[in-house]
Amino acid sequence: MIEVIEPASAEVMAEVPRAGAEEVDEAVARAKAAFPAWRAVAPADRSRLLRGLADGLEARAGDLAVLEARNAGKPIADARGEIGMVVECFRYYAAAPERLLGQTIPVAGGVDMTFREPLGVVGLIVPWNFPLVITSWKTAPALAAGNTVVLKPAELTPLTAIELERVALEAGIPEGVLNVVAGPGSVCGQRLVEHPDVAKIAFTGSTEVGRGIAAGAARTIKRVTLELGGKSANVVFADADIEAAAAAAPFAVFGNAGQDCCARSRILVQRDALDPFMAALERTVRSMVVGDPLDEATQMGPLISESHRETVASFLDGEVPVAFRGDAPDGPGYWFPPTVLEPSGNDVRVAREEVFGPVAAVIPFEDEAEAVAIANDTIYGLSGSVWSGDGARALRVARALDTGVISINSNSSVRVSTPFGGFKQSGVGRELGPDALEHYTDVKNVYYATEEG
Ligand code: NAD
């Protein structure tokens, strides 16, 4: 059995059966058997079934939010927002089956047309930081396009994925179309990657594991989409609304206790505005409410595990000065206070590696060119922000940053209807919006001869 731990108390909150390679093989066989019938479901009927799934999730949204808040250690208000997005995501892609359009292409001697065909069985591998929300970004377009799914949640947070499978069956989605296998990545994830009957892997997780998945998938020429790590920059120019930028910055890196691939963990501030920015930032960080995820007032919960807390703590190595820290409860639970560091530049470990915890590095810059150079000086390219009162400059800098997602005068990263994904070593492919469907289909070209010879 997997003992599922509640990070705020460090106590076991549930036990679920631990799947191994054999269970993965069985799930793939079920998904393979279910595929011909699922792809043949009329588009309007597939839409109706996915809308039913969204309705079923909405009806249980309160319970799902509590489950997610307890298991992932996230504030209940955030968990509610995430379950809202899950419902929205299934509704958005429920409209897709009737909109998977092909083309007709003028050719000699006949008619040429394209179709977007489902891939078959797709393997979805999901991390622990946004368990159900990231599950929905993959499951909804995969099912809408006519694929069947084997879903492997993170071992630390399998509970809401198991609920999703249950709600899908209740909504009338046929057995075998959505199969959940909860087990270790090195066993279950790896088996999915190797399995000859799995056509595609959609993975979200660390860049390190993503590299292994890309290599493993190459053996059977699987399609692969990867959503990996980040080291995003929050670029604040002196002509910005400094109070607004400083009030928002902590939530862009300490949200989800920093366990967010989009965390803007490098805060680049134009030197002329550094003092007022730091003063405003300190006020916000010191007043952050860190505590019980089920308390409505909580803004930040614990880290996911003790071993992860040790990794995060290793970034406070004494070499980089600490500017200030907020408060956090003492144990039990994996607590870590929001922490702001002032490195001398961008070449120290905390500015180069993904911390995945509530640790921000504030780095000053002189001018636009230096801001762009520092922001781009990373192997990652997932997210980021530009704060400026000069619209032309903000847009110029947004275009110059090598990153898949960027916001101006805002720290938002994700909307169901717009593409999300990384440049460079932050990933391959896009989730959400219309683009995601392309990654769950292949294009078929059909030529129909209308003239003899
Ligand atoms: P992880 O890479 O350790 O695990 C992710 C998933 O992969 C889990 O389900 C795990 O069991 C599985 N896995 C582990 N080893 C495997 C293997 N050898 N073969 C197949 N599957 C394997 O990541 P994590 O610690 O769960 O999540 C944190 C990471 O995820 C961070 O790096 C973060 O940036 C990244 N992330 C990225 C995005 C994004 O959209 N770009 C979103 C959220 C998290």
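User: Happy to be looking at this one with you! In which sense do β6 and strand β7 pair, and over how many bridges?

Analyst: Welcome! Keep in mind that this is a predicted model. Strand β7 covers residues 178-180, and V149 of β6 stands opposite L178 in β7. The two strands pair in the parallel sense, over 3 bridges.

User: Through which helix does the chain cross from β6 to β7, and what is the handedness of the crossover?

Analyst: After β6, the chain passes through helix α6, residues 159-170, on its way to β7. This makes a β-α-β crossover, and its hand is right-handed.

User: What about β5: which residue of β6 is the bridge partner of G123?

Analyst: Strand β5 (residues 121-125) runs parallel to β6, and 5 bridges join them. Together with helix α5 (residues 131-144), these two strands make a right-handed β-α-β unit. Within this pairing, the partner of G123 is V150.

User: Are the residues of strand β6 buried or exposed?

Analyst: Buried here means under 20% relative accessible area. T148, V150 and K152 point one way from β6, while V149 and L151 point the other way, and all are buried. With 5 of the 5 residues in that state, β6 is largely enclosed by the rest of the structure. The answer is therefore buried.

User: Which strands stand at the edges of the open sheet β3-β4-β18?

Analyst: This open sheet has 3 strands, and the pairing is antiparallel. An edge strand has a single partner strand, so one side of it is left without a neighbour in the sheet. Neighbouring strands here are turned by 25° against each other on average, direction ignored. The strands at the edges are β3 (104-107) and β18 (441-449).

User: And which residue of β18 is the bridge partner of E117?

Analyst: Strand β4, residues 110-118, pairs with β18 in the antiparallel sense over 9 bridges. The bridge partner of E117 in β18 is D442.

User: Now my favourite part, the ligand! How far does a backbone N or O atom of L228 lie from a nitrogen atom of the ligand?

Analyst: A good one to ask! There are 26 residues around the ligand, and L228 is among those that come nearest, along with V126, S206, C261 and E354. A polar side-chain atom of K152 lies 3.0 Å from a ligand oxygen atom, and a backbone N or O atom of G185 lies 3.3 Å from an oxygen atom of the ligand. For L228 and the ligand nitrogen, the distance is 2.7 Å.

User: What percentage of the ligand's accessible area does the protein cover?

Analyst: On its own, the ligand has 850 Å² of accessible area. Of that area, the protein covers 86%.

Technical notes
Residues numbered from 1 in each chain as written. Predicted model: local features only at pLDDT ≥ 70, side-chain atom pairs only at ≥ 80, totals over all residues. Heavy atoms only, no water. Buried < 20%, exposed > 50% of the residue type's maximum accessible area, 1.4 Å probe, protein only. Helix = DSSP H or I, 4+ residues; strand = E, 2+ residues; numbered from the N terminus. Pairing = 2+ DSSP bridges. Right-handed = clockwise from strand over helix to strand, strands pointing away. Axes fitted to C-alpha atoms, helices over the stretch in contact; angles between N-to-C directions. Near = heavy atom within 4 Å. Polar contact = N/O pair within 3.5 Å; in protein donor to acceptor, adjacent residues only side chain to side chain. Areas by Shrake-Rupley, 256 points an atom, 1.4 Å probe, with all protein chains shown as cover.
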